[in-house]
Amino acid sequence: IGMLDDIDKMTNILVGRVREWYSVHFPELDRLIQDHEVYVKLLISLGNREKFTKEAIMDADISEEEADKISEAKSDTLGATLDEVDISLLQKIAKKILGLCDLRKEVSSYIEGLMAQVAPNMRSVAGGSIGARLISLAGGLKSLSRMPASTIQVMGAEKALFRALKKKGRPPKHGVIFQYPDVKGTPKKLRGKIARALAGKIAIAARVDAMSGEFVGDKLVNELKVRIANIKIK
């Protein structure tokens, strides 16, 4: 998990520099392409903005609608020209960034495999990445298994929790588990209830993984899905 965070940090720093530099040449692209990996792939394959034709952009797995916007922006760009030397160096850096993106996928895949061995129930309930991050924050699976669901719910949001206690404000409703799709993709008013339900199932999964090793992941996932569905209906 620490390695994953370091890769993300390095990638974000380098992408920020590349976007800043290439925006001298094609500033509109920074606004139109939010995904870092897609951005660097376009830079690698096309380079100079003059090559950003609709057909060339679509060849890079960009939708026709987005390709239209990018090609139109290229025609009306306010950017300056860049020498081929500048473009070439930017492309070399972009390739290194793409390598980091690939490395991240490999590390994530490794974490998923490790979680399948160490904590299969947690992996089923929360996913490998969230489960591994919770174990990392807790200092180990056994430590996590001893924690109440209310603590698991806000793990990763300790600063916000202490700030809320100090200023008598509202405490956070979720920490790391915010990345769970049904928490992140749900209206704000329902997130607290769904996060509570998820934390409860994670707590059970962690205890089973740490103590018995029996696989009950499918049962816990089905119960969680029913609970989330009921929360959304109400």
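**How the labels are earned**

Author: Let's start with the count: searching the whole structure, which is a predicted model, turns up 14 salt bridges.

Reader: Okay, take Asp68 and Lys54. What makes that pair a salt bridge?

Author: Their side chains meet with N to O at 3.2 Å. The label needs a Lys or Arg side-chain nitrogen within 4 Å of a carboxyl oxygen of Asp or Glu, so the pair passes. Asp68 sits in helix 5 (residues 64-75) and Lys54 in helix 4 (residues 54-58), so this contact ties together parts 14 residues apart in sequence.

Reader: Is Asp68 buried, partly exposed or exposed, and how do you know?

Author: Asp68 has 26% relative accessibility. Buried is under 20% and exposed is over 50%, so a value in between is called partly exposed. Lys54 gets that label too, at 23%.

Reader: How do you know that Arg123 and Glu112 form a salt bridge?

Author: The closest N and O atoms of Arg123 and Glu112 are 3.1 Å apart, and the cut-off is 4 Å, so that settles it. This one links distant parts of the chain, with Arg123 in helix 7 and Glu112 in helix 6, 11 residues apart. Arg123 is partly exposed at 34%, and Glu112 is partly exposed at 29%.

Reader: What about Glu223 and Lys201: why is that contact called a salt bridge?

Author: Closest N and O atoms of Glu223 and Lys201 come out at 2.8 Å, which is within 4 Å, so the name fits. Glu223 belongs to helix 14 and Lys201 to helix 13, so parts 22 residues apart in sequence are tied together. Glu223, at 31%, is partly exposed, whereas Lys201 has 17%. Since buried means under 20%, Lys201 counts as buried.

Reader: Which residues are joined into one network by shared salt-bridge partners?

Author: That would be Glu37, Lys41 and Lys105.

Reader: Where is Glu37, and is Glu37 buried or exposed?

Author: Glu37 lies in helix 3 (residues 36-46). Its relative accessible area is 18%, and the line for buried is under 20%, so Glu37 is buried. Also, the C-alpha atoms of Glu37 and Cys101 are 7.1 Å apart, with their positions 64 residues apart along the chain.

Reader: On to the core. Which of the 41 residues in the largest nonpolar core touch the most other members?

Author: Met122, Leu134, Leu144 and Ile202 do. Two or more residues each come from helix 1 (2-22), helix 6 (84-118), helix 7 (120-126), helix 8 (128-138), helix 9 (141-145), helix 13 and helix 14 (217-233). Helix 13 gives the largest share, 12 residues.

Reader: Why is Ala199 called buried?

Author: The relative accessibility of Ala199 is 0%; under 20% is enough, so there is no argument about Ala199. Ala199 is in helix 13, and its C-alpha atom is separated by 9.1 Å from that of His174, 25 residues away along the chain.

Reader: Now the surface. Which residues gather in the patch of positive charge?

Author: Arg170, Lys173, Lys188, Lys193, Arg196, Arg227 and Lys234. Helix 13 (residues 188-211) supplies the largest share, 3 residues.

Reader: How do you know that Lys193 is accessible enough for that patch?

Author: Lys193, in helix 13, has a relative accessible area of 44%. A patch residue needs over 30%, so Lys193 passes on accessibility. As a label, 44% makes Lys193 partly exposed.

Reader: Which residues form the nonpolar surface patch, and how much accessible area do they have together?

Author: Tyr110, Leu114 and Val118, with about 290 Å² together. Val118 is in helix 6. At 44%, Val118 is partly exposed, and the patch rule asks for over 30%, so Val118 meets it.

Reader: Last one: what makes the phi of Asp61 stand out?

Author: The phi of Asp61 is near 65°, positive in a residue other than glycine. Most residues other than glycine have a negative phi. Asp61 is in the loop between helix 4 and helix 5.

Reader: And is Asp61 buried or exposed?

Author: Asp61 comes in at 74% relative accessibility. Exposed means over 50%, so Asp61 is exposed.

Notes. Residues are numbered from 1 along each chain as its sequence is written. This is a predicted model: local features need pLDDT of at least 70, side-chain atom pairs count only at pLDDT 80 or more; totals for chains, interfaces and linings use all residues. Side-chain values use heavy atoms; hydrogens and water are left out. Patches are made of residues with over 30% relative accessible area and no salt bridge: like charges are joined within 9 Å, nonpolar side chains (Val, Leu, Ile, Met, Phe, Trp, Tyr) within 5 Å. Accessible areas come from the Shrake-Rupley method with a 1.4 Å probe; for residues, only the protein chains shown count as cover. Lys and Arg count as positive and Asp and Glu as negative; His and the chain ends are not counted. The place of a charge is taken as NZ of Lys, CZ of Arg, CG of Asp or CD of Glu. Helices (H or I, at least four residues) and strands (E, at least two) are DSSP runs, numbered from the N terminus. Buried means under 20% relative accessible area, exposed over 50%, partly exposed in between (1.4 Å probe, protein chains only). A nonpolar core is a set of buried Ala, Val, Leu, Ile, Met, Phe, Trp, Tyr and Cys residues joined through side-chain atoms within 4.5 Å.
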